[in-house]
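Got the viewer open? Put the chain in cartoon view and keep the selection box handy.

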Amino acid sequence: MKKVLFILICLFLFVSQNFAAASYSIYNAHRAMRTDDILTVVIVESAKAGSQSGTNTNKANDMSLQGGNSSGLLKFIPSFGASGSSKVSFDGKGGTSREGSLVAKISARVVQVLDNGNLIIDGSKVVEINEEKEIIKVSGIVRQQDIESNNIIYSYNIANAQITYSGKGTATTGQRPGFLARILNWIF
């Protein structure tokens with residue numbers, strides 16, 4: 001009986017030392033708070049922008065000159081008359097519209113803890129399917145109180161957020177105009 005009690009006490013001390021060394025509570029969910037901790041970033045971004053412009057101008061000029069009956073020696077020259085008209089108008093309209101959205105989940109690492117307790121995070125994710133690479137990168141500053149209990153932070157809670165989504169591969173290259181077309185577009 002004493003052996004069993006001794007083994008249980010040793011086991012308890014071993015387990016409690018391991019938990020103390022990790023400084024995690026078995027009762028609370030772990031939140032990122034130190035350098036090299038990992039948290040999950042849920043990216044939910046939507047952007048929509050538009051612009052409309054219009055210009056309408058009109059300008060009209062009219063000129064008229066009339067002569068009378070000739071008299072004297074020049075009676076044989078008919079009377080002189082002139083008329084002129086000028087009209088300039090311009091009607092221009094333009095518009096632009098752009099819309100985009102990005103929804104993704106990515107893990108990010110705490111790279112620095114600031115003096116006020118805020119965390120600087122940095123993370124990237126590369127997914128390759130059929131020789132197409134999709135690359136997502138996120139970085140910014142996170143307040144510890146914005147981290148959810150399940151260690152999730154939403155992208156709209158990241159200060160100075162830099163979120164990039166890009167692709168590399170055959171399909172991406174096929175969407176770009178050729179070299180000659182790009183030069184002609186640049187010139188004209």
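What follows is a walk through the chain, one selection at a time.

**Before you click**

This is a predicted model, so local features need pLDDT of at least 70 and side-chain atom pairs count only at pLDDT 80 or more, while totals for chains, interfaces and linings use all residues. Residues are numbered from 1 along each chain as its sequence is written, and side-chain values use heavy atoms, with hydrogens and water left out.

**The whole chain**

Colour by secondary structure and you get three helices and six strands. Here helices (H or I, at least four residues) and strands (E, at least two) are DSSP runs, numbered from the N terminus. From start to end the pattern reads α-β-β-β-β-β-β-α-α.

Switch to surface view: the accessible surface is about 15100 Å², with 56% of that belonging to carbon and sulfur atoms. Those areas come from the Shrake-Rupley method with a 1.4 Å probe, and for residues only the protein chains shown count as cover. Of the 188 residues in the chain, 16% are buried. Buried means under 20% relative accessible area, exposed means over 50%, and partly exposed is in between (1.4 Å probe, protein chains only).

How much of the contact map is long-range? Among contacts with a separation of 6 or more, 60% are between residues 24 or more positions apart; a contact means heavy atoms within 4.5 Å.

**The nonpolar core**

Now select L39, V41, I43, I121, I147, I153 and I158. They belong to the largest nonpolar core, which has 17 residues, and they touch the most other members. Such a core is a set of buried Ala, Val, Leu, Ile, Met, Phe, Trp, Tyr and Cys residues joined through side-chain atoms within 4.5 Å. β1, β2, β3 and β4 are the elements that give two or more residues to this core, and β2 gives the most, with five.

Zoom in on I43. Apart from neighbours within four places in sequence, I43 is in contact with L102, V103, A104, I106, I136, S155 and I163.

**The β3-β4 hairpin**

Next, select 119-129 (β3) and 132-142 (β4): these two strands pair in the antiparallel sense over eleven bridges. Strands count as paired if DSSP finds at least two bridges between them. To see the register, show K125, which stands opposite I136 in β4.

Which residue at the turn has an unusual sign for its phi? Go to N130 in the loop between β3 and β4: its phi is positive, about 50°, although N130 is not a glycine. The hairpin has two residues between the strands, and N130 is exposed at 73% relative accessible area.

Jump to N160 for another case: N160 also has a positive phi of about 50° without being a glycine. N160 is found in strand β6 (residues 159-169) and is exposed, at 64%.

**Two salt bridges**

The structure holds two salt bridges, each being a side-chain nitrogen of Lys or Arg within 4 Å of a carboxyl oxygen of Asp or Glu.

Select D36 and R109 to find one of them, with the closest N and O atoms 2.4 Å apart. D36 sits in the loop between α1 (2-22) and β1 (38-66) and R109 in strand β2 (residues 81-113), so the pair ties together parts that are 73 residues apart in sequence. D36 is partly exposed at 48%, and R109 is partly exposed at 37%.

Now select R143 and D146, whose side chains meet in a salt bridge at 3.0 Å, N to O. Buried or exposed, where does D146 fall? D146 is buried at 16%, whereas R143 is partly exposed at 41%.

**R34 and N118**

Stay with R143 for a moment, as R143 is among the contacts of N118, along with Q112, V113, I141 and V142, leaving aside neighbours within four places in sequence. N118 is in the loop between β2 and β3 and counts as buried at 16%.

Add R34, from the loop between α1 and β1, which is partly exposed at 34%. R34 and N118 are 84 residues apart in sequence but 9.9 Å apart in space, C-alpha to C-alpha.

**Last stop: a surface patch**

Finish with I183, W186 and I187, which make a nonpolar surface patch of about 370 Å². Patches are made of residues with over 30% relative accessible area and no salt bridge, where like charges are joined within 9 Å and nonpolar side chains (Val, Leu, Ile, Met, Phe, Trp, Tyr) within 5 Å. I187 lies in helix α3 (residues 179-187).
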